[in-house]
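Student: I've got a chain open and I'd like to talk it through with you. Can we go from the overall fold down to single residues?

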Amino acid sequence: LFRFVAQICDFVNNHASANKSAADRAKVYIETHYADSSLTLDRVASAVGISPNYFSALFKQSTNCSFISYLTSVRIAHAKELLKSGSYKTYEVAMRCGYENPTYFSTIFKRQTGFSPSEYNQKA
């Protein structure tokens, strides 16, 4: 009985590690490809080798946020850095961070930071 319980514990630990590993691989993939405006949950799930539905649940469980929330936070973090550099116009930052529509980018940026990109740029 002890051996059986130990095997179950090993299986659960290995399974949890594999799930964590998939979420970590997904984070790396997102960080590498965030600037691609066509980046989707399906594409990331395919890249880490699991189904989109399972990936969505696994990612949420591992990171405590949804795929789109995580992708948005990565994109906005990079946008902040580009805006701080002062080298790019807002529409260029939008394009470099995976947003094809600069107006939508500005809306998302303000929702995330409390500032419009131009306000943030002046503040930075």
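Tutor: Sure, below we go through the fold, the confidence, the core, and then some residues one by one.

Student: What pattern does the chain follow when read along the sequence?

Tutor: Keep in mind that this is a predicted model. The chain has seven helices and zero strands. Read from start to end, that gives α-α-α-α-α-α-α.

Student: Where is confidence lowest in the chain, and where is it highest?

Tutor: Overall, the mean pLDDT is 88, with 85% of the residues at 70 or more. Where pLDDT is low, the predicted coordinates should not be read in detail. The highest mean, 97, belongs to helix 6, and the lowest, 72, to helix 1 (residues 2-33).

Student: What share of the contacts with a separation of 6 or more comes from residues 24 or more positions apart?

Tutor: Some background on the chain: 31% of its 124 residues are buried. It exposes about 7700 Å², of which carbon and sulfur atoms supply 54%. As for the contacts you ask about, the share is 52%.

Student: Which helix gives the largest share of the largest nonpolar core?

Tutor: In soluble globular proteins, nonpolar side chains tend to be buried together. Here the largest nonpolar core has 27 residues, and I30, V44, F55, F67 and F105 have the most contacts inside it. Elements giving two or more residues to this core are helix 1, helix 2 (41-48), helix 3 (52-63), helix 4, helix 5 (90-96) and helix 6. The largest share, eight residues, comes from helix 4.

Student: Which residues does F67 touch, leaving out those up to four places away in sequence?

Tutor: F67 is listed with I30, V44, F55 and F105 as having the most contacts inside the largest nonpolar core. Beyond its sequence neighbours, F67 touches I30, T40, L41, V44, F55 and F59.

Student: Is I76 buried or exposed?

Tutor: I76 is found in helix 4, and apart from neighbours within four places it is in contact with Y99, F105, I108, F109, Q112 and T113. For one of these, I108, the C-alpha atoms are 8.3 Å apart even though 32 residues separate the pair in sequence. The relative accessible area of I76 is 4%, and the cut-off is under 20%, so I76 is buried.

Student: And T72, which residues does it touch beyond four places in sequence?

Tutor: T72 is also a helix 4 residue (residues 67-85). With a relative accessible area of 14%, T72 is buried. Its contacts beyond the sequence neighbours are Y99, I108 and Q112.

Student: Why does S116 count as buried?

Tutor: S116 is found in the loop between helix 6 (102-113) and helix 7 (117-123). Leaving aside neighbours within four places, S116 is in contact with F109 and K110, and its side chain makes a polar contact of 3.2 Å with that of S118. Buried means under 20% relative accessible area, so S116 makes the cut at 17%.

Student: What is the C-alpha separation between S38 and Y99?

Tutor: S38 is found in the loop between helix 1 and helix 2, and at 41% relative accessibility S38 counts as partly exposed. Along the chain, S38 and Y99 are 61 residues apart. Their C-alpha atoms are separated by 9.3 Å.

Student: Which residue forms a salt bridge with D36?

Tutor: The side chain of D36 also has a polar contact of 2.7 Å with the side chain of S38. D36 is partly exposed at 27% relative accessibility. In the salt bridge, the closest N and O atoms are 2.7 Å apart, and the partner of D36 is R43. At 25% relative accessible area, that partner is likewise partly exposed: R43.

Student: How many salt bridges are there by this rule?

Tutor: Side chains of opposite charge can pair when their charged atoms come close. Besides R43 with D36, K84 and E81 meet in a salt bridge at 3.7 Å, N to O. K84 and E81 both lie in helix 4, three residues apart, about one turn of the helix. The count comes to two.

Student: Are K84 and E81 buried, exposed or partly exposed?

Tutor: Partly exposed lies between the 20% and 50% limits. K84 has a relative accessible area of 47%, and E81 is at 49%. So K84 counts as partly exposed, and E81 is also partly exposed.

Methods
Residues numbered from 1 in each chain as written. Predicted model: local features only at pLDDT ≥ 70, side-chain atom pairs only at ≥ 80, totals over all residues. Heavy atoms only, no water. Helix = DSSP H or I, 4+ residues; strand = E, 2+ residues; numbered from the N terminus. Buried < 20%, exposed > 50% of the residue type's maximum accessible area, 1.4 Å probe, protein only. Contact = heavy atoms within 4.5 Å. Areas by Shrake-Rupley, 256 points an atom, 1.4 Å probe, with all protein chains shown as cover. Polar contact = N/O pair within 3.5 Å; in protein donor to acceptor, adjacent residues only side chain to side chain. pLDDT = per-residue confidence, 0-100. Core = buried A, V, L, I, M, F, W, Y, C linked by side-chain atoms within 4.5 Å. Salt bridge = Lys/Arg side-chain N within 4 Å of Asp/Glu carboxyl O.
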